[in-house]
Amino acid sequence: QKLYEMDPLQKPKQNRYALRTSPQWLGPLIKVIRSSTKSIEREINFVNDNPLIDVSRNKALHGGNFQRTPIGVSMGNTRLAVALIGKLMFAQFFELVNDFYNNGLPSNLFSGRNPSLDYGFKGAEIAMATYCSKFQFLANPVTNHVQSVEQHNQDMNSLGLISSRKTTEAIDVLKLMSSTCAKRLICGI
């Protein structure tokens, strides 16, 4: 038996879900991101704080088109989708560096014969786990943390800006994960 070869009877009988079901995992997430994009585009195009003036009754009718709740909720949904994409990337990364699942590649993709001296992708795997933990933190909704302000005039506000900033942060983490995965793929080939 060769150095990194595994007895076929010891191998898993089927690929793990991260490989087999990634289309089913990604499909709904893509739908969420598309839906959020449409909602945000719609919201940006009709935001207005100007009152409607009813001249016949001498009244100004104030609406709440400036509320931005669709922004806060859409950003929260997008952030959750991004975090779940990151979770899939982490699971796939783990399968490539784990010699039980990677079809004969060395553990942690190390190139030497001594795993005590050559750590391969152990550091990258730790980084991926850290990114995944950060996603789990960032995926929490922001909109449920609304506080009443301005002497209860603004008793509900969307926190859309905070949610958008947290989503930008999640996308930055996904970029880090993507670059780590790209390095992994180059080394795994």
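**Helix packing and local features**

Helix α3 passes helix α4 in a left-handed crossing, meaning that the near helix is turned anticlockwise from the far one by less than a right angle (clockwise would make it right-handed). The structure is a predicted model, so local features need pLDDT of at least 70 and side-chain atom pairs count only at pLDDT 80 or more, while totals for chains, interfaces and linings use all residues. Residues are numbered from 1 along each chain as its sequence is written, and side-chain values use heavy atoms, with hydrogens and water left out.

Two packed helices are described by the angle between their axes and the distance between the axes. For α3 and α4, the angle is about 160 degrees and the axes are 9 Å apart (axes being lines fitted to C-alpha atoms, for helices over the stretch in contact, with angles from 0 to 180 degrees between N-to-C directions). That makes the two roughly antiparallel, the label for angles over 145 degrees (under 35 is roughly parallel, 65 to 115 roughly perpendicular, and the rest oblique). On the α3 side, the contact (heavy atoms within 4.5 Å) involves R79, V82, A83, G86, K87, M89, F90, F93, F94 and V97. Helix α4 brings A124, E125, M128, A129, C132, F135 and L138 to it. Sorted by type, this contact has 13 nonpolar residues, one polar and three charged; here Ala, Val, Leu, Ile, Met, Phe, Trp, Tyr, Cys and Pro count as nonpolar, Asp, Glu, Lys and Arg as charged, and the others, Gly among them, as polar.

Helix α3 (residues 69-97) also packs against α2 (residues 22-45), at about 155 degrees and with the axes 9 Å apart. These two are therefore roughly antiparallel as well, and α2 passes α3 in a left-handed crossing. Residues of α2 in the contact include W25, L26, L29 and I33, with I71, M75, L84 and L88 among those from α3. The split here is 13 nonpolar, seven polar and two charged.

Stepping back, the chain has five helices and two strands, where helices (H or I, at least four residues) and strands (E, at least two) are DSSP runs numbered from the N terminus. Along the sequence they follow the pattern α-α-β-β-α-α-α. Of the 189 residues, 31% are buried (under 20% relative accessible area; exposed is over 50%, partly exposed in between; 1.4 Å probe, protein chains only). Among contacts with a separation of 6 or more, 70% come from residues 24 or more positions apart.

The structure has one aromatic pair, and F93 and F121 form it: the rings sit 6.2 Å centre to centre, tilted with 55 degrees between the planes. (Rings of Phe, Tyr and Trp, the last by its six-membered ring, pair if their centres lie within 6.5 Å; planes under 30 degrees apart are stacked, over 60 edge-to-face, and the rest tilted.) F93 belongs to α3, and F121 to the loop between α3 and α4 (122-138), so the pair links distant parts of the chain, 28 residues apart. Both rings belong to buried residues.

D118 lies in that loop between α3 and α4 too, and at 24% relative accessibility it counts as partly exposed. Beyond its neighbours within four places in sequence, D118 touches F110, S111 and G112. N108 is ten residues from D118 in sequence and 9.3 Å away in space, C-alpha to C-alpha.

Over in the loop between β1 (52-54) and β2 (59-61) sits N58. Its phi is near 55 degrees, a positive value in a residue other than glycine. N58 is exposed, with 73% relative accessible area.
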